[in-house]
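Here are a few short exercises to work through with the model open beside you. Take each task first, then follow the solution step by step.

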Amino acid sequence: MEPAEDLDAVHRVTRAHRLATLLDESVRLPVVNYRVGVDAIAGLVPVVGDLLAAAASLFIVFEAYRLGARRTTLARMLLNVGVDAAVGSVPVVGDLFDAAWKANVRNADLLERDVLGR
């Protein structure tokens, strides 16, 4: 990559990490000292919350695609989003799973390793 493309990739990966943090770790639960995000909170609203969270999660995958991530990385990222959406849609258990699985942070890390690790 040329220096300007490198800088653009760094900015996109940073933006993906910020979104992942918002979705998975933006709120600290005071008593248990554990972080959850908008994904787990949105999941409390049946159907609509889960769909909106999945759409936001797919933005990170789309950024990976635009940055030229390998197919295996994109497949792993889609699997993470799929598991998060499928299990996360189950009432109560799914919300707890969303809080623990943190698919978006996993995907942002996969994106960083693939795109910036080259």
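**Exercise 1: The core**

In this predicted model, the largest nonpolar core has 17 residues, and those touching the most other members are Ala64, Leu67, Met77, Leu111 and Val115. Your task: find which helices each supply at least two residues of this core.

Solution. Begin with the helices: α1 (3-25), α3 (48-66), α4 (71-88) and α6 (103-116) each supply at least two core residues. Next, look at the shares: α6 gives the largest, with 5 residues. Finally, zoom in on methionine 77: leaving out residues up to four places away in sequence, methionine 77 touches Ile60, Val61, Ala64, Asn107, Leu110 and Leu111.

**Exercise 2: A charged side chain**

Locate aspartate 98 and work out which side chain of opposite charge is nearest to it.

Solution. Start in helix α5, residues 93-101, where aspartate 98 lies. The nearest side chain of opposite charge belongs to lysine 102, 10 Å away. A salt bridge needs a distance within 4 Å, and aspartate 98 has none, although it is buried. Now list the contacts of aspartate 98 beyond four places in sequence: Asp39, Ala40, Asp50, Asp84 and Gly88.

**Exercise 3: The surface**

Is isoleucine 41 buried or partly exposed?

Solution. First find isoleucine 41 in helix α2, residues 38-42. Its relative accessible area is 43%. Buried means under 20% and exposed means over 50%, so a value in between counts as partly exposed. Isoleucine 41 is therefore partly exposed. Last, view its surroundings: Val27, Leu29, Val31, Val32, Tyr34, Ile41 and Leu44 form a nonpolar surface patch, with about 650 Å² of accessible area together.

How values were computed. Residues numbered from 1 in each chain as written. Predicted model: local features only at pLDDT ≥ 70, side-chain atom pairs only at ≥ 80, totals over all residues. Heavy atoms only, no water. Patch = residues over 30% accessible without salt bridge, like charges linked within 9 Å, V, L, I, M, F, W, Y side chains within 5 Å. Areas by Shrake-Rupley, 256 points an atom, 1.4 Å probe, with all protein chains shown as cover. Helix = DSSP H or I, 4+ residues; strand = E, 2+ residues; numbered from the N terminus. Buried < 20%, exposed > 50% of the residue type's maximum accessible area, 1.4 Å probe, protein only. Lys, Arg positive; Asp, Glu negative; His and termini not counted. Contact = heavy atoms within 4.5 Å. Core = buried A, V, L, I, M, F, W, Y, C linked by side-chain atoms within 4.5 Å.
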